[in-house]
Amino acid sequence: MALLSPNEKAEAGADVRDLIFASGQNAVLLRASDGERLYGTDDAPYAPVGDPLPLEFVPTPAEDLAQKIDATACVLPDADVRPEDRIQVGAETYRVQTVKEERLFGAITHKVIKFVKHHAG
């Protein structure tokens, strides 16, 4: 027996979508350009991918920095965000550490992304 009907799952996803858009925040998604790249290096050029990425961006409070995460964000479930991508929020650039789908009784409502600040060398 399913706990949520298909309509309830769609409504839950729509509610989360509305909350993400209501935050009024956007970021630029950056992905490594194709081409030769040495394994383990972080020197590849990154270029914008697609339209601005709607998200709810939350800088990590100082007391949580021991986890080595500088920020988290919630994005739409269909956002093509991958580990090792970067996002630019305002003047700051962050590297994507993890991307995790969040579910509500079987419905994927959004993704949670964890970031570390990228310090250009």
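# Core, salt bridges and aromatic pairs in a predicted model

Student: What is the accessible surface of the protein, and what share belongs to carbon and sulfur atoms?
Tutor: The accessible surface comes to about 7,900 Å². Carbon and sulfur atoms account for 53% of that area. Please keep in mind that this is a predicted model.

Student: How many residues of the protein are there, and what percentage count as buried?
Tutor: The protein has 121 residues, of which 31% count as buried.

Student: And in what order do the elements run from the N terminus?
Tutor: The order is α-β-β-β-β-β-β-β, that is, 1 helix and 7 strands. As for contacts with a separation of 6 or more, 54% of them join residues 24 or more positions apart.

Student: Let us turn to the interior. Which residues of the largest nonpolar core touch the most other members?
Tutor: That core has 16 residues, and those touching the most other members are Leu-55, Phe-57, Val-81, Ile-87, Tyr-94 and Phe-115. At least two core residues come from each of β1 (25-32), β3 (53-59), β4 (71-75), β5 (86-89), β6 (92-104) and β7 (107-117). Apart from this core lies another, of 5 residues, including Val-16, Cys-74, Leu-76 and Val-112. In soluble globular proteins, nonpolar side chains tend to be buried together.

Student: Which residues does Phe-115 touch, leaving aside those up to four places away in sequence?
Tutor: Phe-115 touches Phe-57, Ile-69, Asp-70, Ala-71, Thr-72, Ala-73, Ile-87, Tyr-94, Arg-95, Val-96 and Gln-97.

Student: How many aromatic pairs does the structure hold?
Tutor: There are 3 aromatic pairs. In one of them, Tyr-94 and Phe-115 have ring centres 6.0 Å apart.

Student: Why is that pair called tilted?
Tutor: The planes of the two rings stand at 55°, and the tilted class covers angles that are neither under 30 degrees nor over 60; therefore the pair is tilted. Tyr-94 lies in strand β6 and Phe-115 in strand β7, 21 residues apart, and the pair links distant parts of the chain. Both residues are buried. Together with Phe-57, they form one aromatic cluster.

Student: Now the charges. How many salt bridges does the count come to?
Tutor: The count comes to 6 salt bridges. One of them joins Arg-31 and Asp-80, whose closest N and O atoms are 3.5 Å apart. Arg-31 lies in strand β1 and Asp-80 in the loop between β4 and β5, so this salt bridge ties together parts that are 49 residues apart in sequence.

Student: Are Arg-31 and Asp-80 buried or partly exposed?
Tutor: Arg-31 is buried, at a relative accessible area of 15%, because the cut-off for buried is under 20%. Asp-80 is partly exposed, at 40%.

Student: What distance, N to O, goes with the salt bridge between Asp-85 and Arg-31?
Tutor: The distance is 2.7 Å. Asp-85 is in the loop between β4 and β5 and Arg-31 is in strand β1, so the parts tied together here are 54 residues apart in sequence. Asp-85 and Arg-31 are both buried.

Student: With which residue does Lys-100 form a salt bridge?
Tutor: Lys-100 forms a salt bridge with Glu-102, with 3.6 Å between the closest N and O atoms. Lys-100 counts as exposed at 51% relative accessibility, whereas Glu-102 is partly exposed at 23%.

Student: Which residues are joined into one network by salt bridges that share partners?
Tutor: That network consists of Arg-31, Asp-80, Arg-82 and Asp-85.

Student: Moving to the surface: which residues form a nonpolar patch there?
Tutor: Leu-3, Leu-104 and Phe-105 form that patch, and their accessible area together is about 310 Å². Leu-104 belongs to strand β6 and is partly exposed, with a relative accessible area of 35%. Phe-105 is in the loop between β6 and β7 and counts as exposed, at 53%.

Student: What about the backbone of Phe-105: what is its phi?
Tutor: Phe-105 has a positive phi of about 50°, although this residue is not a glycine. Glu-84, also not a glycine, has a positive phi of about 85°. Glu-84 sits in the loop between β4 and β5 and is partly exposed, with a relative accessible area of 39%.

Notes. Residues numbered from 1 in each chain as written. Predicted model: local features only at pLDDT ≥ 70, side-chain atom pairs only at ≥ 80, totals over all residues. Heavy atoms only, no water. Core = buried A, V, L, I, M, F, W, Y, C linked by side-chain atoms within 4.5 Å. Buried < 20%, exposed > 50% of the residue type's maximum accessible area, 1.4 Å probe, protein only. Helix = DSSP H or I, 4+ residues; strand = E, 2+ residues; numbered from the N terminus. Contact = heavy atoms within 4.5 Å. Patch = residues over 30% accessible without salt bridge, like charges linked within 9 Å, V, L, I, M, F, W, Y side chains within 5 Å. Areas by Shrake-Rupley, 256 points an atom, 1.4 Å probe, with all protein chains shown as cover. Salt bridge = Lys/Arg side-chain N within 4 Å of Asp/Glu carboxyl O. Phe/Tyr/Trp six-rings, centres within 6.5 Å; stacked < 30°, edge-to-face > 60°.
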